[in-house]
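Let's take a friendly walk through a protein fold together. Have the sequence and the 3D view ready, and follow along at your own pace.

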Amino acid sequence: MHTSPILALLASSILITTSLQAQSRTATSARTKTTSPVATSKLPEFSISRAEVESHTRFLASDELEGRRTGEKGNWTAARYIAEQFRLLGLKPAADQGDYLQRINFERVRAATSATLLLGKDTLHLGKELLLMTGGPTNVSGEVVYVGYGLTEEGYKDRDVKGRIVVVQGGSPEAKGPGEIFRASREKRELATKKGAAALIELYSESIPWGLVNQYFSREQIMLPTSGAEKPLTHVWLNNANNQYKQLKEAGQTVTLRTLGRPQTPVLSANVAGIIEGADPKLKNEYIILSAHFDHVGVGKQGGSPYQPSDSIFNGARDNAIGTVAMLEAAKALTLQRPSRSVLVLALTGEEVGLLGSKYYAEHPLVPLKQTVFDLNTDGAGYSDTTLISVIGLDRTGARAEIEAGAKAFGLSVLADPAPEQGLFDRSDNVNFAIKGIPSPDFAPGFKSFDEAIAKYYHQAADNPESLNFGYVLRFCQAYAHTARLIANRPTRPQWSAGDKYEPAAKALYGQE
């Protein structure tokens, strides 16, 4: 009888884990004492199987899943696979998500084909001087209203912008990397929509070259719908290099904006969430999150990088099948011997299209954010040093001792914040938890810089399971699982370093002085 490759792989994984319930009945649920090397080595994470790690990874990064792009069939297959692993492990569905799936309604936004802005005697054109971020068919003229960065109510004070064209400065005072710039832009659009603006013009003069920005937004995007909006606000970026359109900040300027818009259709994806209840009567009311994104970039032109006709699938073994498998193995180890605190195991969609799954979760949490004391995110671009774990935010998020101990137990050292010029802390899902005030480092495979060894596989079709060092992947998964246990067993919560930019959010969330 012929069996499809997907079903065969799924059956293999199920066979590997069917003994779990029998194992869990004999495992103690008491708080683990790890002062003795003998006691420590008996913890479940020390018995994680290389075969199981490899099986999970080969399925998630298989050609059959077609790059796991958010909203595509392969992404849904990955989500279902993770959900069924949660079921096998005996995780409790979070909130009312009976099937472990936190469904998210996204919008698939096609590239614009036409847009012009008439400014005085000049006509600015799509792809040259302007980009269309969002919006439907639009033909609007009128005097513009400048509101600074447009990120706060203060900018709109004493200005009635209903039905008018709003102009904002690009970026924000704090925005440095791409993630911060794009996040600020979304916040401006949301506030302008709330204020009833007819259109939004953003004066772009940020660090990312205009050519790269133009290339990115000339492709399909996946977006979260703007809250409360019947249709998306027409939002354009102008290339304001050398402040050449500074006149738009002045009163009395009139423009005409015309576009056919960016067609959009609804598309569904989901985060996957399950709970391991803590063993300590008091501490079980606090949660740590173990998060990893399971989506990748898809097939062919979706991937955004060169590819060969013979291999057009961007498998995403390193980014982020490895992290997803580490999360699954940690969940298994913590189920077999429960830690003091409760654990929310959270597989995130939409990371590659703008950290959207974590953004949605942070706005629609399945356990109270105030009771969530830590997020141990795992994501990476790849590895170039198999003696290391690289941790983004190690010295900011209050759990250095546990992270170093977790790595050391498996012969690995820890490197803090490699490639600082990349602004990596704000480029993965951990940042959406940090924004809410939750200490959230990123636990990544070992690298020291974004060098050729990383670039060889990062968002490339060559990033497939056959290229992995599974001996290292096993130790990475074990280190992540043991680190999770040590943090969940801490007698006190990890805290942000004094003066960190996310510390005020933590004080607001947790009610600290």
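## An unusual peptide bond

N320 has its place in helix α8, which covers residues 317–336. The model you are looking at is predicted. In it, the peptide bond from D319 to N320 is cis, and its omega is near 10 degrees.

## The sheet

Now find the open sheet, built from eight strands in the order β4-β3-β11-β6-β7-β8-β10-β5, with mixed pairing. Why do β4 (122–125) and β5 (130–134) each have one side without a neighbour in the sheet? They stand at the edges and each has a single partner strand, so nothing in the sheet flanks the other side. From one strand to the next, the twist averages 30 degrees.

Strands of a sheet pair through backbone hydrogen bonds, and they can be parallel or antiparallel. Here, strand β3 (residues 115–119) and β4 run antiparallel and are joined by four bridges. Look across from T116 and you will meet H125 in β4.

## Helices against the sheet

Helix α6 (residues 178–194) packs on the sheet, where it touches β5, β7 (165–169), β8 (199–204) and β10 (234–239). The direction of α6 makes about 155 degrees with that of β8. Helix α7 (residues 210–217) lies across β5, β8 and β10, and runs at about 40 degrees to β5.

## The nonpolar cores

The largest nonpolar core has 64 residues, and those with the most contacts inside it are F86, V272, L290, M327 and F443. Helix α13 (residues 470–488) gives the most to this core: twelve residues. Beyond its neighbours within four places in sequence, L290 is in contact with several residues, including M327, A330, L334, Y480 and A484.

A second core, separate from this one, has 30 residues, among them F433, I438, A444 and L509.

## Helix α5 and what follows

How far apart are the end C-alpha atoms of helix α5 (residues 73–89)? They are 24 Å apart, which agrees with the span that its 17 residues should have at 1.5 Å a residue. Among the buried residues of α5 are A78, Y81, I82 and F86. Just after α5 comes G90, with a positive phi of about 85 degrees.

## Two positive phi values outside glycine

E66 is not a glycine, yet its phi is positive, at about 50 degrees. You will find E66 in the loop between α4 (50–60) and α5. Y100, also a residue other than glycine, has a positive phi near 75 degrees, and is found in the loop between β1 (92–93) and β2 (101–109).

Their surroundings are worth checking too. E66 is partly exposed, with a relative accessible area of 45%, whereas Y100 is buried, at 4%.

Technical notes: Residues numbered from 1 in each chain as written. Predicted model: local features only at pLDDT ≥ 70, side-chain atom pairs only at ≥ 80, totals over all residues. Heavy atoms only, no water. Core = buried A, V, L, I, M, F, W, Y, C linked by side-chain atoms within 4.5 Å. Buried < 20%, exposed > 50% of the residue type's maximum accessible area, 1.4 Å probe, protein only. Contact = heavy atoms within 4.5 Å. Expected span 1.5 Å × (residues − 1). Pairing = 2+ DSSP bridges. Axes fitted to C-alpha atoms, helices over the stretch in contact; angles between N-to-C directions.
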